[in-house]
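Here is a short report on a protein fold and its pockets. Have the model open while reading.

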Amino acid sequence: MRLRNVPGSRETIADSEFVTHNEESYKGHWKDIFQNDNPIHIEIGMGKGTFIMEMARTYPNINFIGIEKYSSVLVRALEKREEEPELKNLTFIRMDAEYIENVFDEEEVSEIYLNFSDPWPKDRNAKRRLTSSRFLGRYTHILKKDGHITFKTDNVDLFEFSVDTANECGWKIDCITRDLHNSEYNKGNIMTEYEKKFSGLGHKINMMKIHQ
Ligand code: SAM
């Protein structure tokens, strides 16, 4: 994602009721934020939040947490979020997912969505990929034993790397397609902002759903 500094974004986020601040203090207590016991689904690297907002509208009995590293991106998601204050099952966190285990307790999360994650194409940056073995190890701790990760990307190299890494780390593949929009798995698919953009350019969308 092209990053442009948005003046005032940090202040806007700090003042927002739609962002959970001091997120580490909620480790093991996320149900207090939502005031119910519904399952928690997170999207890591939500960008402008198109996908997770539609998920929250579609599944009111699931609690959604959108995680984004950069204030200048999160502030764009907030602009849309503020138009729908009635969505009680959605909050945002500004954080680097590297520290995800400081924020969620063992098995606190039911599902993780990784959508169009940054590819980090150079080998020396492979560990930064959100589907690297280091990140999969972190997800193992926070994800319920029967939970899943769903990963979508148009980037073929990142997808093949992610399939190989999941296999090497002992994750099991529930479903996989290299052309999501023309597959049996497209029913009920909610498109992300990048998915709309890249499928519009004719790129095929890869998807896999994995569990431990
Ligand atoms: N998921 C959105 C979509 O599909 O439209 C946005 C995709 S965009 C290419 C990737 C997003 O992930 C960017 O907004 C980036 O800032 C965020 N991101 C990358 N690394 C991250 C990390 N370690 N923790 C949290 N967010 C991250």
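Tyr-113, Thr-150, Tyr-185, Gly-188 and Asn-189 lie nearest the centre of the second largest pocket, which 17 residues line. The model is predicted. Elements giving two or more residues to this lining are α3, β4 (109-115), β5 and β7. β4 gives the most, with 3 residues.

The largest pocket has a lining of 33 residues. Nearest its centre lie Gly-45, Glu-68, Lys-69, Asp-118 and Leu-130. Two or more lining residues come from each of β1 (40-44), α3 (50-58), β2, α5 (133-142) and α7 (193-200).

The table sets out volume and lining for each pocket.

| Pocket | Volume | Nonpolar lining residues | Polar lining residues | Charged lining residues |
|---|---|---|---|---|
| Largest | about 670 Å³ | 15 nonpolar | 7 polar | 11 charged |
| Second largest | about 410 Å³ | 9 nonpolar | 4 polar | 4 charged |

Now the sheet. It is open and has 7 strands, in the order β3-β2-β1-β4-β5-β7-β6. The pairing is mixed. β3 (90-94) and β6 (172-177) are the edge strands, and each pairs on one side only. From one strand to the next, the twist averages 15°.

At the β3 edge, strand β2 (residues 63-68) and β3 run parallel, joined by 5 bridges. Glu-68 stands opposite Arg-94 in β3. Glu-68 also belongs to the residues nearest the centre of the largest pocket.

What lies across β5, β6 and β7? Helix α6 (residues 156-168) does, running at about 15° to β7 (206-211).

Technical notes. Residues are numbered from 1 along each chain as its sequence is written. This is a predicted model: local features need pLDDT of at least 70, side-chain atom pairs count only at pLDDT 80 or more; totals for chains, interfaces and linings use all residues. Side-chain values use heavy atoms; hydrogens and water are left out. Two strands pair if DSSP finds at least two bridges between them. Helices (H or I, at least four residues) and strands (E, at least two) are DSSP runs, numbered from the N terminus. Axes are lines fitted to C-alpha atoms, for helices over the stretch in contact, and angles run from 0 to 180 degrees between N-to-C directions. Contact means heavy atoms within 4.5 Å. On a 1 Å grid over the protein atoms alone, a cavity is a set of points where a 1.4 Å probe fits but cannot get out, and a pocket is an open set with protein on both sides within 12 Å along at least five of seven lines; lining residues have an atom within 4 Å of a point. Grid points are joined across faces, edges and corners, and a volume is the space filled by probe spheres set on the points. Ala, Val, Leu, Ile, Met, Phe, Trp, Tyr, Cys and Pro count as nonpolar, Asp, Glu, Lys and Arg as charged, and the others, Gly among them, as polar.
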